[in-house]
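Dear colleague,

I am handing over the structure below, and after it you will find what I noted about its charged side chains. Please keep it open while you read.

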Amino acid sequence: TDEGWTIYLQAGYVTTTHATLRECSGTAVDFDAHWGALPENLGGTDLDLHSFAAVDVEAGSFCELTVEYGPFVPSGDATARAHDMGEHGDSVEGNTFFFQGVAQKGEVSVEFEITGDQAIAVDVDLSSVMNGGPLVVEANEAFPIDLTLSKTYDRFFDGIDFDGITDDDLRGNIMAVLELETRVNY
């Protein structure tokens, strides 16, 4: 981390619950999640993509995407099977995020396990990734337009001194990083 701690993450999950695309005129278009909320395993293959949701839209210009993170609540057996969380299922269920690991700095080693059930909505300006303008959909594209949501997971513990940190401080930092580091690419 920026504080000199080496983090050994044994488990890390962040749950995306919803996404909304906003036309520049202000009209909101909700995505339909394929299997409900997505508890993303951050220990999976780096840059591995998971299909979360889809929506058909008419031609238009879209200026913003709202990404919602919130507690994972399975909406039935199919949802639970779609998201294998192994031994961590009980810790992920009902939480927005779950992290378990060890932080080391020199001879100091601090084990941590942190959950948070707060919901957060992050508004992402699409013009920042669309060459300075909105996302334009002509509705005659040969292939669907794919938007990729990402979060910079290696920043969750920046600014944290694990020697004396409280759970509330750690939760607050994780929520702040989700808000600051959620990105959309296309």
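R183 is partly exposed, with a relative accessibility of 38%, in a model that, please keep in mind, is predicted. The side chain of R183 meets that of E181 in a salt bridge, with 3.5 Å from N to O. E181, in contrast to R183, counts as buried, because its relative accessibility of 11% falls under the 20% cut-off.

E181 also forms a salt bridge with R155, and here the closest N and O atoms are 2.8 Å apart. This pair links distant parts of the chain, since R155 sits in the loop between β11 and α3 while E181 belongs to helix α3, 26 residues apart. R155 itself is partly exposed, at a relative accessible area of 36%. Salt bridges with shared partners join R155, D158, E181 and R183 into one network.

Elsewhere, K151 and E40 form a salt bridge whose closest N and O atoms are 2.8 Å apart. K151 lies in strand β11 (residues 148–151) and E40 in strand β4 (residues 38–41), so this pair ties together parts of the chain that are 111 residues apart in sequence. Are K151 and E40 buried or exposed? Both K151 and E40 are buried.

As background, side chains of opposite charge can pair when their charged atoms come close. How many salt bridges does a search of the whole structure find? The search finds 6 salt bridges, including the one between K151 and E40.

With best wishes

How values were computed:
Residues are numbered from 1 along each chain as its sequence is written. This is a predicted model: local features need pLDDT of at least 70, side-chain atom pairs count only at pLDDT 80 or more; totals for chains, interfaces and linings use all residues. Side-chain values use heavy atoms; hydrogens and water are left out. A salt bridge is a side-chain nitrogen of Lys or Arg within 4 Å of a carboxyl oxygen of Asp or Glu. Helices (H or I, at least four residues) and strands (E, at least two) are DSSP runs, numbered from the N terminus. Buried means under 20% relative accessible area, exposed over 50%, partly exposed in between (1.4 Å probe, protein chains only).
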